[in-house]
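This report follows one stretch of the chain and the strands around it. Please look at the sequence and the model first.

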Amino acid sequence: MKNIVKLIIILTANLCGYAHAQNNLTLNYQVTKELNHFADIKIKVTDNYLRTDYILPNKTFTEMTIKDDGQYILDHQKNIAYRLDYTVNKENSDKALTGMLQHAPGFTKEQIYEMSLDPKNDPNNYIAYEKEGENLFKGYFDGEKVQTVKTLTFPNQFLSSTEYTWLLKRAREDTYFGKAFVGFLDVPLIDFIRKFKYDTNEMPTEITLHNEGKTVFLKAVSKSLLDEGDLEITTQFTVKDITHESIQFLKNLTDFAREKGVIE
């Protein structure tokens, strides 16, 4: 069963419908590196869009998913939007999950997919969080402390529990589109929030990544209506479909980010 779980970690599947919601959220983060300002991160979430902009002094990268369309990685320096097609990914994932059912009697597709979302089933990347004080968690990987996370309970000055539940639902839906990301952090920030929920109902507001020397602070949340037209890809970008070459693309993007000093 471990091999099955390991394989499905990388799959994309859309196995349930979308519930209607009326929320709009903009989460604004600041990133410091060795106590100096390093970048800003802005996450904008609507019913159809989930967009994360990583804004550095001389460069900007964007991760964005559009419901029932696909996932895009925007390189603002080259004006290229790399696209992963949702329909193609979903078809391939459904076929793979169907094949796995033969090796997992008694499980449904939905159950296998849920197992793939649980970070505990990804031992190569699993970070275990332990509560070490009021609104304080430490994250351990292979026994080594790699993260310190400060949290808030609900309600708080940023979100109500209902709004946070909606944000988590949208983060979960985002997993249907794949795991491509720009590599600025170990995982996309929205995926960190989703995974952290498995260990606590508290909301992360400050994340220190000890191995990277970075700290991510939640600075403000806006609940104002977002014009989805402002979230769309502008005409200055050339859209390049990389669905069938995404594995090689991600390697190249990681190398590029490392070369440019975005990641180490």
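L231 lies in helix α6, which spans residues 228-231. The model is a predicted one. Is L231 buried or exposed? Its relative accessibility is 2%, so L231 counts as buried, the cut-off being under 20%.

Which residues does L231 touch, leaving aside those up to four places away in sequence? They are K44, T46, Y49, R51 and M64. M64 deserves a closer look. Along the chain, L231 and M64 are 167 residues apart. Their C-alpha atoms are separated by 8.9 Å.

**Strand β4**

M64 leads to β4, which covers residues 60-66. Seven of the seven residues of β4 are buried, so the strand is largely enclosed by the rest of the structure. In a regular strand, side chains alternate between the two faces of the sheet. Both faces of β4 are covered. One side carries T60, T62, M64 and I66, all buried. The other carries F61, E63 and T65, also buried.

**Neighbouring strands**

β4 pairs with β3 in the antiparallel sense, over seven bridges. It also pairs with β5, residues 70-75, again antiparallel, over six bridges. β3 has a further link: six bridges join it to β2, residues 36-45, and these two strands run antiparallel. β3 itself, residues 49-55, is mostly covered, with six of its seven residues buried.

Hairpins connect these strands in turn. Between β2 and β3 there are three residues. The hairpin from β3 to β4 goes through four residues. Three residues lie between β4 and β5. In that last turn, D68 has a positive phi of about 65 degrees.

**Residue pairs across the strands**

Several individual pairs fix the register.

| Residue | Opposite residue | Strand of the opposite residue |
|---|---|---|
| K42 | D53 | β3 |
| T52 | E63 | β4 |
| I55 | T60 | β4 |
| M64 | Y72 | β5 |

M64 thus appears in two settings. Its bridge partner in β5 is Y72, and M64 is also one of the residues that L231 touches. E63, the partner of T52, sits on the other side of β4 from M64. T60, which stands opposite I55, is on the M64 side.

**In brief**

What surrounds the buried L231 of α6? Its contacts include R51 and M64. M64 belongs to β4, a strand with buried residues on both faces. β4 is paired with β3 and with β5.

Conventions. Residues numbered from 1 in each chain as written. Predicted model: local features only at pLDDT ≥ 70, side-chain atom pairs only at ≥ 80, totals over all residues. Heavy atoms only, no water. Buried < 20%, exposed > 50% of the residue type's maximum accessible area, 1.4 Å probe, protein only. Pairing = 2+ DSSP bridges. Contact = heavy atoms within 4.5 Å.
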